[in-house]
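The exercises below ask you to work through packing and core formation with the sequence and the structure side by side. Each task is followed by a solution that goes step by step.

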Amino acid sequence: MPSFPSFTLITLQNQINTLNNSLNGALMGGVFRWRKGVNLPFLSTKTSTVNANKPAQFVGALVALLLLILSAPTAIASSAPGWRWYNEPAPIKKQPKPQVKPTSSVTVTRTQTLSPTEQMQSFKRYFDDTLNDAVINPKDEKKVEKSMLLNQYVSNQSSLYGMTFKKVLLDNPALSYTKDRPTEQAARSSYLALERSKKVRAVRRLADNGWGLFFVYNGLGEIDKALAPSVQQFASEHGIDVLGVTLDGQTLPSINQNRENQQHITVPFSPALVLVNPGTGEMKPLAYGFISQEDLLGRFLNVATDFAPDF
């Protein structure tokens, strides 16, 4: 026997009792009307001569339906309509909202990369502070040791830079200054001789192109008197003409040719050496003050090459 909820059995029992009472009342009160000629034995299973009216068929079907419900499986009974043949909707279970775990506060610090110059400035301040701290506290062994370690670190870095410098020069010999300008004494004299011949050729080239020298001086000036013989000797040796121009009217006998200025040349200082091209009237200052013959050769080379770099 299938199990039903208590309220379902009570409801079915009430329906059956009501049906029985209605049936009995109908039979007793003449609800069913028999056709003429129909005898009581129509209740037999033989239906060939039986012709019941339609209300009787309806009652029989209703009884059969009730019996079918009572003998139905448990699944049907459990899914049968509820109270007063009405299924109340099951409450919808709401899914609990996921709880958001509180996140711990995190402080984000944006780091800034220092440039090499800023790094060196920062290290230098640290190095100076450490060294000064050790000097101010000379009996503090920890501070003195710290300054010594920093000195050792700087020395090692300098040594590493020097070795890398040498390696780069071997990989790129064009970067070497000593490649064309040797510093060893064995090759130094040969290098200087080549350089001097280059400068001498520059003086000769300017002289061949019509350039000469104006030696502007004050006849009473001591530096002017000391420089005059060197200028004359330089001009004679390298084949360039020189003309002495006196500013105060006092001529110097160590200069072969002299002339008074008469406001033709204005110089800020004296003595002064000026390159002059009489053919074009062009003038170029060469040197002010005292200058040696070797340095004067270099100035000729600078002017001849329009001060092109020689290193």
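**Exercise 1.** In this predicted model, find which residues Leu286 touches, leaving out those up to four places away in sequence, and then place Leu286 in its nonpolar core.

*Solution.* Begin with the contacts: Leu286 touches Leu213, Leu273, Val274, Leu275, Leu296, Arg299, Phe300 and Val303. Next, turn to the largest nonpolar core, which has 25 residues and counts Leu286 among those with the most contacts inside it, together with Leu213, Phe215, Leu273, Leu275, Leu296 and Phe300. Then ask which elements give two or more residues to this core: they are α6 (185-208), β1 (212-217), α7 (222-238), β4 (272-277), β5 (282-288) and α8 (293-304). The largest share, five residues, comes from α7. Finally, note that another core, of nine residues, lies apart from this one, and that its members include Phe214, Leu243, Ala272 and Val274.

**Exercise 2.** Describe how helix α4 and helix α5 pack, and say what kinds of residues make up their contact.

*Solution.* First take the geometry: α4 (residues 116-136) and α5 (residues 141-171) pack at an angle of about 140 degrees, with their axes 8 Å apart. Because angles over 145 degrees would count as roughly antiparallel, α4 is oblique to α5. The crossing of the two helices is left-handed. Next come the residues, where Phe123, Tyr126 and Phe127 are among those in α4 that meet α5, whose own contacting residues include Val144, Leu150 and Tyr153. Sorted by class, the contact has nine nonpolar, three polar and three charged residues.

How values were computed:
Residues are numbered from 1 along each chain as its sequence is written. This is a predicted model: local features need pLDDT of at least 70, side-chain atom pairs count only at pLDDT 80 or more; totals for chains, interfaces and linings use all residues. Side-chain values use heavy atoms; hydrogens and water are left out. Axes are lines fitted to C-alpha atoms, for helices over the stretch in contact, and angles run from 0 to 180 degrees between N-to-C directions. Helices (H or I, at least four residues) and strands (E, at least two) are DSSP runs, numbered from the N terminus. Angles under 35 degrees count as roughly parallel, over 145 as roughly antiparallel, 65 to 115 as roughly perpendicular and the rest as oblique. A crossing is left-handed if the near helix is turned anticlockwise from the far one by less than a right angle, and right-handed if clockwise. Contact means heavy atoms within 4.5 Å. Ala, Val, Leu, Ile, Met, Phe, Trp, Tyr, Cys and Pro count as nonpolar, Asp, Glu, Lys and Arg as charged, and the others, Gly among them, as polar. A nonpolar core is a set of buried Ala, Val, Leu, Ile, Met, Phe, Trp, Tyr and Cys residues joined through side-chain atoms within 4.5 Å. Buried means under 20% relative accessible area, exposed over 50%, partly exposed in between (1.4 Å probe, protein chains only).
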